[in-house]
Amino acid sequence: MSFAVLLTVAFLLAGCIGGGGKKDQTVAEFIVEMEKAFASLDAEKIADIIYFPIVLPDLPEDSELEQIVGESDKITRDMFVTATKDAFKALRDGGASLELDVRDGYKVVESGNTAVVSEAVFELKGAVKEEIAGQAVLKLIEGLSKVGELDLPDGWEDAVKAAWEVIAAMIKEANGGEWPEEFEDVYDEIEFELKKADKKWKLYANPEA
């Protein structure tokens with residue numbers, strides 16, 4: 001028997017013993033992956049847990065979002081990463097953090113390649129400096145302009161900074177006059193849908209598509 005035949009037999013046996021390839025991801029495994037993705041503050045890793053394209057509802061023709069996404073009314077993975085990667089990098093470089101903990105006890109109903117997770121409790125903790133949050137907003141606007149191939153007008157940064165100052169003032173007013181550099185909150189009765197792609201679950205925002 002030749003070496004090539006022996007090698008082929010070995011691979012076939014390995015496939016039988018190992019269960020025949022990659023197994024389907026469980027919802028519990030996806031939840032762990034989702035928690036890690038958000039904690040990474042990395043656009044690529046967050047994109048990995050989302051089912052693309054994201055189909056948007058009909059948008060007004062003169063809306064800014066319509067200009068960005070174009071006639072397709074869809075957000076692709078590339079569009080998402082381009083729009084958000086520099087904003088997330090600004091957060092990481094500025095020492096921001098985000099921790100998502102999905103508590104045990106949620107319910108899962110699977111049907112073929114879709115699943116609905118209900119009665120979930122999200123515990124969210126994080127930290128971000130006011131200045132870093134403002135920088136991330138600037139980067140997000142810039143990223144959105146790249147997606148839509150839009151030319152930002154002269155002075156756009158000053159306009160965004162002014163708008164951010166108003167938003168930051170409102171946040172501080174709601175928190176005793178101080179910027180809440182660290183935040184923590186709990187959200188209950190959360191329901192979301194998943195769809196399977198290549199044996200892995202993804203957050204699915206297009207149930208009517």
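The legends below accompany several close-up views of a predicted model.

**Figure 1. Overview of the protein chain, with its helices and strands in sequence order.**
The secondary structure of this predicted model comprises seven helices and seven strands, and, read along the sequence, these elements follow the pattern α-α-α-β-α-β-α-β-β-β-α-α-β-β. The protein chain has 209 residues, of which 32% count as buried. When contacts between residues at least 6 apart in sequence are considered, 69% of them join residues at least 24 apart.

**Figure 2. The aromatic pair formed by Phe 52 and Phe 80.**
The count of aromatic pairs in the model comes to four. In one of them, the ring centres of Phe 52 and Phe 80 lie 5.9 Å apart and the ring planes stand at 50°, so this pair is classed as tilted. Phe 52 is found in the loop between α3 (43-47) and β1 (54-55), whereas Phe 80 belongs to helix α5 (residues 77-93), and the pair therefore ties together parts of the chain that are 28 residues apart in sequence. Both of these residues, Phe 52 and Phe 80, are buried.

**Figure 3. The aromatic pair formed by Trp 164 and Trp 179.**
This pair is edge-to-face, with 5.9 Å from centre to centre and 65° between the planes. Because Trp 164 sits in helix α7 (residues 156-173) and Trp 179 in the loop between α7 and β6 (182-197), the pair ties together parts that are 15 residues apart in sequence. Trp 164 has a relative accessibility of 15% and so counts as buried, and Trp 179, with a relative accessibility of 17%, counts as buried as well.

**Figure 4. The packing of helix α5 against helix α6.**
The axes of α5 and α6 come within 8 Å and cross at roughly 160°, which means that α5 is roughly antiparallel to α6. The crossing of these two helices, α5 and α6, is right-handed. On the side of α5, the residues that meet α6 are Met 79, Thr 82, Ala 83, Thr 84, Asp 86, Ala 87, Ala 90 and Leu 91, while α6 contributes Ile 132, Ala 136, Lys 139, Leu 140, Gly 143, Leu 144, Lys 146 and Val 147. Sorted by class, the residues of the contact of α5 with α6 comprise 10 nonpolar, three polar and three charged.

**Figure 5. The packing of helix α6 against helix α7.**
Helix α6 (residues 130-147) packs with α7 at an angle of about 135°, and their axes are 10 Å apart; α6 and α7 are therefore oblique to each other. The crossing of α6 and α7 is right-handed. From α6, the contact draws on Glu 130, Ala 133, Gly 134, Val 137, Leu 138, Ile 141 and Glu 142, and from α7 on Trp 156, Glu 157, Val 160, Lys 161, Trp 164, Ala 168 and Lys 172. In terms of residue class, the contact of α6 with α7 has eight nonpolar, one polar and five charged residues. Trp 164, listed here on the side of α7, is also a member of the edge-to-face pair with Trp 179.

**Figure 6. Leu 144 and Ser 145 in helix α6.**
Leu 144 has its place in helix α6 and is partly exposed, with a relative accessible area of 27%. Although Leu 144 and Phe 80 are 64 residues apart in sequence, they are 8.8 Å apart in space, taken from C-alpha to C-alpha. Ser 145, also placed in helix α6, is buried, with a relative accessible area of 8%. If its neighbours within four places in sequence are left aside, Ser 145 is in contact with Leu 150 and Leu 152.

**Figure 7. The surroundings of Leu 124 in strand β5.**
Leu 124 lies in strand β5 (residues 114-127) and, at 22% relative accessibility, counts as partly exposed. Once its neighbours within four places in sequence are set aside, Leu 124 is in contact with Leu 98, Glu 99, Leu 100, Phe 183, Glu 184, Asp 185 and Tyr 187. Asp 101 is separated from Leu 124 by 23 residues in sequence, and the two are 6.5 Å apart in space, C-alpha to C-alpha.

Definitions and conventions
Residues numbered from 1 in each chain as written. Predicted model: local features only at pLDDT ≥ 70, side-chain atom pairs only at ≥ 80, totals over all residues. Heavy atoms only, no water. Phe/Tyr/Trp six-rings, centres within 6.5 Å; stacked < 30°, edge-to-face > 60°. Helix = DSSP H or I, 4+ residues; strand = E, 2+ residues; numbered from the N terminus. Buried < 20%, exposed > 50% of the residue type's maximum accessible area, 1.4 Å probe, protein only. Axes fitted to C-alpha atoms, helices over the stretch in contact; angles between N-to-C directions. Parallel < 35°, antiparallel > 145°, perpendicular 65-115°, else oblique. Left-handed = near helix turned anticlockwise from the far one by under 90°. Contact = heavy atoms within 4.5 Å. Nonpolar A, V, L, I, M, F, W, Y, C, P; charged D, E, K, R; others polar.
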